[in-house]
Amino acid sequence: MKLLFLSPQSLPSIGGLQYVVHYWAEELSRRGHRVTLLTHTPDLRGQAPAGSYRVWRNASWWRQWKAMRNADKMIMFNVSLKGLPLVLLSGRPLYISHHTALWYGNRPLPLRQRLKRWVANRLAAGNCACSGYIAAQYRHCGVIHSPYRADVFVPGTLARRPRSLLFAGRLVSDKGADLLLEAINRLQHETAPVNLTIAGDGPDRPVLEAQARRLGFGVVAGLPPEADMPASGNRVYFTGALSQPVLVRMMQTHEIMVVPSRMEPMGMVVAEGLACGARMLVSNQGGMPEVGGGFCRYFESDNAQSLAQALQAELSHPLQPDHAALSRHLRQFTIGYSVDRLEEWLGNQAPLKPVA
């Protein structure tokens with residue numbers, strides 16, 4: 001089958017959607033499909049992976065039109081109103097894979113978002129979403145979970161650092177690193193000190209560093225020592241952006257990984273942390289409870305006190321997951337399983353069957 005992926009964002013830009021696009025395109029190509037990607041993400045320094053699929057970056061309208069007319073089916077990653085007219089004029093079947101929420105909570109839905117929902121419900125040949133939480137915002141929308149690299153995110157052999165916490169994500173308000181700092185502060189007089197590693201970068205880094213200093217934490221720029229022990233006070237390590245191998249090692253050597261996101265369509269980092277053997281503290285927001293199942297300790301989203309209570313409980317009474325059950329649970333987030341579902345979705349006119 002000749003497939004055309006339409007995704008404004010792609011590697012080497014970093015993000016969950018960008019990896020989904022790459023993993024799907026690679027695996028579909030390996031299975032004999034011909035995949036072409038149209039994207040607006042430039043590759044100025046040659047950092048994009050050398051994939052087995054064709055990539056057109058910032059292609060002309062004529063090049064886009066030819067690619068669309070040559071495709072058997074098109075997959076649009078999230079609804080793009082700007083690119084929609086050419087897509088519809090091409091006359092090729094349009095499938096939409098949704099990876100972000102139209103809205104969160106009880107906020108009124110803006111006109112632009114209502115139009116996107118109308119396009120998905122009325123004009124697409126099929127819709128799928130990265131989680132049931134996102135799928136519920138559309139009619140007849142199946143679920144194909146975003147996949148993770150099960151060959152990369154695995155338990156390590158190094159010892160875990162005692163009383164170590166890990167946050168991994170972009171440093172923006174939605175990811176909630178500030179909530180984690182506040183939660184640790186609330187426990188300062190009730191528990192022994194901990195070490196926190198904040199892995200990632202973003203516009204909120206200076207604000208978070210200032211918050212950590214204001215709360216009396218020791219702030220260190222760089223990676224934590226492999227065998228670091230808590231001292232007289234809590235320490236926070238700001239690592240900046242990490243390569244995937246280094247991030248995996250962080251997940252393999254920290255005791256507890258915390259995902260305090262305020263808004264999260266799915267939260268693949270939850271599956272990655274579980275696969276690396278970390279104990280997981282996770283916000284109950286969005287699609288994250290689907291990913292974590294019964295293998296995480298949850299707390300109320302955007303609530304530092306709830307997070308502090310969950311952290312204290314995990315430090316004193318760690319969860320002990322059933323590893324065989326966890327392995328079965330994580331299978332539905334592997335690349336192979338995900339692409340099996342993708343082929344089912346593209347091959348059938350009926351909606352996807354529920355996830356087993």
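This is a short talk on aromatic pairs and a charged patch in one structure.

Hi everyone, thanks for coming. Before we look around, please keep in mind that this is a predicted model.

Let's start with the aromatics. How many aromatic pairs does a search of the whole structure find? The count comes to five. One of them joins Y19 and Y23: the ring centres are 5.8 Å apart and the planes meet at 35°, so we call this pair tilted. Both residues belong to helix 1, which covers residues 16-30, and because they are four residues apart, about one helical turn separates them. Now, are these two tyrosines buried or exposed? Y19 has a relative accessible area of 26%, so it is partly exposed. Y23, on the other hand, has 9%, and since buried means under 20%, Y23 is buried.

Next, have a look at Y148 and F153. Their rings make an edge-to-face pair, with 6.5 Å from centre to centre and 65° between the planes. Y148 and F153 are both buried.

There is also a cluster to point out: F5, W24 and F77 are linked by ring pairs.

Let's move on to charge. Which residues gather in a patch of positive charge on the surface? They are R34, R54, R63 and K66. If you'd like to find K66 on the screen, follow helix 2, residues 61-70, where this lysine sits. Its relative accessibility is 43%, and because partly exposed covers the range between 20% and 50%, K66 falls into that class.

That's my tour, and I'm happy to go back to any of these spots with you.

How values were computed: Residues are numbered from 1 along each chain as its sequence is written. This is a predicted model: local features need pLDDT of at least 70, side-chain atom pairs count only at pLDDT 80 or more; totals for chains, interfaces and linings use all residues. Side-chain values use heavy atoms; hydrogens and water are left out. Patches are made of residues with over 30% relative accessible area and no salt bridge: like charges are joined within 9 Å, nonpolar side chains (Val, Leu, Ile, Met, Phe, Trp, Tyr) within 5 Å. Accessible areas come from the Shrake-Rupley method with a 1.4 Å probe; for residues, only the protein chains shown count as cover. A salt bridge is a side-chain nitrogen of Lys or Arg within 4 Å of a carboxyl oxygen of Asp or Glu. Lys and Arg count as positive and Asp and Glu as negative; His and the chain ends are not counted. The place of a charge is taken as NZ of Lys, CZ of Arg, CG of Asp or CD of Glu. Helices (H or I, at least four residues) and strands (E, at least two) are DSSP runs, numbered from the N terminus. Buried means under 20% relative accessible area, exposed over 50%, partly exposed in between (1.4 Å probe, protein chains only). Rings of Phe, Tyr and Trp (its six-membered ring) pair if their centres lie within 6.5 Å; planes under 30 degrees apart count as stacked, over 60 as edge-to-face and the rest as tilted.
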